[in-house]
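Reader: I am new to this structure. Please take one part and look at it closely. Short sentences suit me best.

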Amino acid sequence: MVVRPYSEELKYLEKINDHCWRIKKGFQPNMNVEGVFYVNSRLEQLILDELKNSCRPGAIGGFLPGVKQIANVAALPGIVGRSIGLPDIHSGYGFAIGNMAAFDMDDPLSVVSPGGVGFDINCGVRLLRTNLYEKDVQPIKEQLAQSLFDHIPVGVGSKGVIPMNARDLEEALEMGMDWSLREGYAWAEDKEHCEEYGRMLSADPGKVSMRAKKRGLPQLGTLGAGNHYAEIQVVDEIYDKWSASKMGIEEKGQVVVMIHSGSRGFGHQVATDALVEMEKAMKRDQIETNDRQLACARINSVEGQNYLKAMAAAANFAWVNRSSMTFLTRQAFAKMFNTTPDDLDMHVIYDVSHNIAKVENHIVDGKERKLLVHRKGSTRAFPPHHPLIPVDYQLTGQPVLVGGTMGTCSYVLTGTERGMQETFGSTCHGAGRALSRSKSRRNLDYKEVLDKLEQIGIAIRVASPKLVMEEAPEAYKDVTDVVDTCHAAGISKKCIKMRPIAVIKG
Amino acid sequence: MLKLKLEALGHPTPNNIAFSNRKEFASTVLWLEDQTIRLYPIEGRDTMRNLEDMPAWEEGYKQYCTDLSMPPFETQLEQLTWLVGNAMRLEFLDNPSQYESINGVTEGQPKNNGAQSQEKVQTIFDGKINVHDKDFIAGVRTLATKLQVPHHPNHLLQLQAITRIVHERIGPASMNRKAITGTPFPFDKGNDVVAANDPALDYPMRILRLLQIQSLRQLQTHINETIVAVQSLTANPKTDTKLGKVGR
C-alpha cells in the first residue's frame, strides 16, 4: 500500500457533484479503471475520517479504509466501467461491503473473487405483505413476536425444524426454491417474485466440500445470528403510491414482515474453501493484486468455475432458507390470527440478494457486453421493462428492499434507468456499519440498547442478548441518509418506508 | 405520424395540409396516385385530376377506392392514412433491397409475421381450408368490418386480431370473467419514459409494452397454475419441532 499524508491522498479524490466522488487513477497502484462513490455530506465525513485515520503514522491493522478498497478493486484484471462504492460502504474482507464491480466475461484475463461476494453468500432480504393493519397487530405484538421466535430457530448454533437428510440437501442445493416448491414449503407466486426466480441454474453441489454440506444441513431454515433478523413492520410512509399499490401496499399502517438472512455456515465454508484454492491459482497464473485479501481466479480457470458453481449452490441454499422461514412465518401468523396464510394475503413482495456475483448483459460504451457483476453489500436495482424482473414490476422497476438496523426504519426502493447506466443497475443494501463489531461491544451496553428499543415500543426477542450491542442502531450509519443519497443521485427511487414494531434476532 | 409518412414519400408541403378540407384531401389523393400508387394509366386519371368539378371527382374517387379494394372507412383521415400506408408499401416493394441495411441488428430483425400467421392458421384448419381462397378472404374482411378491426393488407394477420378480440371480449370465457378491480393508472404517466418529446413514438411504444406485459402475465399465470398442479402430487411439508434448536 502506498503511504502518503492525508493532504496528498485528497488530491486523488474529486467531488463530481453533491452526491458523487471520483477516485482518480494512481490513488492505489495499477488501477485499470477509476473508482467512484456515492455519499451525501454526512456520509462523506465518515468516509473521509476513515481515510484520515488510516493515514496517521503508526496506524496499522484492521481493514483498509473503504475508499482504498474501492481503488484496489479497480486494479483487478478485466474490470469494466468503474469500481463503484454505494453510500452504505464500509470496510470488508478484500472488497468493501457496498462495493460493486463488473468484469468482462469475454476477456480471458478477467477474474472472479470470493471477496467480491462476501462470506454470507446470497445474504438477502425478503418482504412479505399482509392485509393486516397496525391496529390489528399492536395489541398482540408481544405474543406475535414470541410466536415468531418459537417458530423460527435463531442464534448461533440454532438448528432447523424442517426434517432433511443428506440427499434432500443435495437436491435443495441444485434446485433452490424449486425444491421448496416441490416439497410444498413455498407458493408458486413466491418464485415469481424472487430474484433469479429463486434458483441459479449453474449450481453444482458436486463442487461443494463435504465440510460445507455438514455445516449446512442442520442449519437450513434457521435465521442465524449477526445482523440477521425477522421483523414485523408497519408502513410508515408511501412516496410512490402507484408503485406501492403494484406491490400490494395500499395504505399507511399496513403490516409487512421482513426477513433478512443468508446461507449460514454453508456459504461461509464455500467462500473459505474457494479462498484457499484460489491462492494457489493466483500463483500459477501470476495474478497480482494490491491486497492479499483480494484472492481471485480467472473466470475461465478451473478454480474460477468451481467457485461460481459452488457459489450458485450456496445461493440456492439461501433461497431455500428464506423460503423455509417464510413458511414458518406464515404458520406463526396463521395460528395467531386463527386463519390461513392465504386469507392473510401473505404474499412475497420481493426477495433480493445483496451478496452475489451474476452474469448479466449491460451496455458499456454503447455496446452490449456480457459481464460478471459482483455485488457485495449492494442490491440489484433494474429499471422498468428489464427482461429479468417479474412481469408485475415491469412498469414500476424492480423493488429494492433495504433493511435498516434494529429499531430504525427500512425502505423499499425501485430501480431506475439512470442506475442501469451509472452503476450497472445496483444500489445500496442497508445502513452499513459505522463502528466495528468489537468497537460497538466496547462502547455500548446491551441492557441500554434493549431498554431503548422497549421505550420506543418495539417488542424484541433475542437469542444472545450479549451480542445485541454489535447491532445497535448507534453502530450503524443512518439508513435514511443512505437511501436519500441513492434517491438524490437517481440510482434508485424511494417508494415505501417501514418502521419495526417487533424484532426477532440471533 | 401521417405527416412523417408524407414527408418520407417526398410530399412538398407535408406540414401545410388541412386534412379536413375536401379539396386539399382530393389533391393529396391525386398526388399519391401520380407519384407512387399509379393504379391507373396517366390518361385514366383525368376524372381525378379535375379538381374544379368536385361532384365528378367524388364519383371517380369512389370507383378508385373500389379498384384499390380499400376497406370501408368512415372518416377521410382514415382513408388518407390507409392510402399513404399503401403507397409506402408499394414504394418499399419496388426495391426492397434498398432498405436492407435498415433491418439487421440496429433496428431489430423484422419478423416475417405473414408467413408465421399463415403457418399458424394452416395448422388450425389442418390444411382442410384454403386460406387464400377468395371466399375465405372475403369472410375475414366482413368479419373485420363487423368487429371494427382495422384493415391490414394480410388478411391472416387480420384474422389473428379478430381471434384476439373474440377471445378477450366475446367468447364465453370472457363473458364470465370478473371485471378487473383496482385503481386505474393513466398509462402515459409511468416512470418509463420512452421519448418525452415525441408522442408519435412514445404513445405506440407504451401500448406495445402493455400488450407485451399482458401476454407475459398470461404466461406467468399458466406457469403458476402448472406448478400448483404438480404441487398437489409432490408437496408434503413437514416440520419437526424436536429437531429445532434456538442458539445461544
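Author: In this predicted model, the contact draws 40 residues from chain A and 27 residues from chain B. Between them, chain B and chain A bury about 2800 Å². Carbon and sulfur atoms carry 60% of that buried area.

Next come the charged links. The rule finds two salt bridges across the interface of chain B and chain A. One of them joins A:D392 to B:R217. Their closest N and O atoms lie 2.7 Å apart. A salt bridge allows up to 4 Å here, so this pair falls within the cut-off.

Polar contacts cross the interface too. The rule finds 12 residue pairs of this kind between chain B and chain A, both residues at pLDDT 80 or more. On the side of chain B that touches chain A, 10 residues are nonpolar and 10 are polar. Another seven there are charged.

What about disulfides? The structure holds zero of them over all chains. Two cysteines of chain A serve as examples. A:C194 is in no disulfide. Its nearest cysteine sulfur belongs to A:C123, 14 Å away. A:C194 is also buried, at a relative accessible area of 3%.

A:C428 is in no disulfide either. Here the nearest cysteine sulfur is that of A:C486, at 3.5 Å. A disulfide needs two cysteine sulfur atoms within 2.5 Å, so the pair A:C428 and A:C486 does not count as one. A:C428 is buried, with a relative accessible area of 0%.

Notes: Residues numbered from 1 in each chain as written. Chains lettered and ligands numbered in written order. Predicted model: local features only at pLDDT ≥ 70, side-chain atom pairs only at ≥ 80, totals over all residues. Heavy atoms only, no water. Contact = heavy atoms within 4.5 Å. Buried area = accessible area lost by both parts, 1.4 Å probe. Salt bridge = Lys/Arg side-chain N within 4 Å of Asp/Glu carboxyl O. Polar contact = N/O pair within 3.5 Å; in protein donor to acceptor, adjacent residues only side chain to side chain. Nonpolar A, V, L, I, M, F, W, Y, C, P; charged D, E, K, R; others polar. Buried < 20%, exposed > 50% of the residue type's maximum accessible area, 1.4 Å probe, protein only.
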